[in-house]
Amino acid sequence: IDPSRIHYLAEKPERDPGRVQGGSRREQVEETLMGLAESAGADDRILVVLIGHGSFDEDVAKFNLPGPDLTPQALDVMLNDFPTQTVAVVNTSPSSGPFVSVLSGPNRVIMTATRTAQERNETQFGGFFIEAMREEGSDLDKDGRISLLEAFQYARSEVDRYYGSLN
């Protein structure tokens, strides 16, 4: 991937100004996605990875950000700016399960660290998902590339192994 096509937002961009383009406030997420929608080709593939904390209260799942949190409904509105592109969202946070039903649709791939909003503990999924991108063993079909499905399967297997080792 051309590094200029990667948009990295973080709570404290000053910690790594060489890589982080801006803060991770909801407005900046929206601005970044709008800018990407304007420059994306009709057949481009968009990957949104949410790494951080999630919560669930009053029947609403949230990805926690400084300032107003990101709800699946708000993210769905932002993703509507990609009508022809394939968009994949990977939410590695606790309470991320409800993002699946809200964000699902044509040309969308949605992966979450939890099945339900009630799974509120810190997740292990994100670390293993990222690890899958570097591990040869995650290339299940041995084609020299790691697909999102392969990364998901690797992470799911490693999460099972991790929790199984705690017993």
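User: How many salt bridges does a search of the whole structure find?

Analyst: The search finds six. A salt bridge here is a side-chain nitrogen of Lys or Arg within 4 Å of a carboxyl oxygen of Asp or Glu. The model is predicted: local features need pLDDT of at least 70, side-chain atom pairs count only at pLDDT 80 or more, and totals for chains, interfaces and linings use all residues. Residues are numbered from 1 along each chain as its sequence is written, and side-chain values use heavy atoms, with hydrogens and water left out.

User: What makes Asp44 and Arg5 a salt bridge?

Analyst: Their closest N and O atoms are 3.2 Å apart. That is within 4 Å, so the pair qualifies. Asp44 lies in the loop between helix H1 (26–39) and E3, and Arg5 in the segment before strand E1 (9–10), so the bridge ties together parts that are 39 residues apart in sequence. Helices (H or I, at least four residues) and strands (E, at least two) are DSSP runs, numbered from the N terminus.

User: Why is Asp44 called partly exposed?

Analyst: The relative accessible area of Asp44 is 25%. Buried means under 20%, exposed over 50%, and partly exposed in between (1.4 Å probe, protein chains only). Asp44 therefore falls in the middle class. Its partner Arg5, at 39%, is partly exposed too.

User: How do you know that Asp16 and Arg19 form a salt bridge?

Analyst: The closest N and O atoms of Asp16 and Arg19 are 2.7 Å apart, so the cut-off is met. Asp16 is partly exposed at 26%. Arg19 counts as exposed, because its relative accessibility is 53%.

User: What makes the Glu27 and Arg25 side chains a salt bridge?

Analyst: The N to O distance is 3.8 Å. That is within the limit, so the pair of Glu27 and Arg25 counts. Glu27 is partly exposed at 38%. Arg25 also counts as partly exposed, at 38%.

User: Why is Glu131 said to have no salt bridge?

Analyst: The nearest side chain of opposite charge, Arg134, is 4.8 Å away. That lies outside the cut-off, so no bridge is assigned to Glu131. Charge is counted simply: Lys and Arg are positive, Asp and Glu negative, and His and the chain ends are not counted. Glu131 is buried and sits in helix H4 (residues 125–132).

User: What does the side chain of Glu131 make a polar contact with?

Analyst: The partner is the side chain of Tyr154, at 2.4 Å. A polar contact is a pair of N or O atoms within 3.5 Å; within protein, one must be able to donate a hydrogen and the other to accept it, and residues adjacent in sequence count only if both atoms are side-chain atoms. The distance between Glu131 and Tyr154 fits that limit.

User: Why is Ser24 called buried?

Analyst: Ser24 has 10% relative accessibility, so it is under the buried limit. Ser24 is found in the loop between strand E2 (22–23) and H1. A polar atom of the Ser24 side chain lies 3.2 Å from the backbone nitrogen of Glu11.

User: What makes Leu47, Val49, Ile51 and Ile130 a nonpolar surface patch?

Analyst: The four residues make a patch of about 330 Å². Patch residues have over 30% relative accessible area and no salt bridge; like charges are joined within 9 Å, nonpolar side chains (Val, Leu, Ile, Met, Phe, Trp, Tyr) within 5 Å. Leu47 has a relative accessible area of 46%, so it clears the exposure threshold. Leu47 is in strand E3 (residues 45–50).

User: Which residues form one aromatic cluster?

Analyst: Phe125, Phe129 and Phe152 do. The structure holds four aromatic pairs. Rings of Phe, Tyr and Trp (its six-membered ring) pair if their centres lie within 6.5 Å; planes under 30 degrees apart count as stacked, over 60 as edge-to-face and the rest as tilted.

User: Why is Asp59 called exposed?

Analyst: Its relative accessibility is 70%, so Asp59 is over the exposed limit. Asp59 sits in the loop between strand E4 (54–57) and strand E5 (60–63). The residue has a positive phi of about 70° although it is not a glycine.

User: What makes Asn107 partly exposed?

Analyst: Asn107 has a relative accessible area of 39%, so it falls between the two limits. Asn107 also has a positive phi, about 60°, without being a glycine. Its place is the loop between helix H3 (98–103) and strand E7 (108–112).

User: How do you know that Thr114 is buried?

Analyst: The relative accessible area of Thr114 is 6%, so the buried class applies. Thr114 lies in the loop between E7 and H4. The C-alpha atoms of Thr114 and Pro94 are separated by 6.4 Å, with their positions 20 residues apart along the chain.

Conventions. Accessible areas come from the Shrake-Rupley method with a 1.4 Å probe; for residues, only the protein chains shown count as cover.
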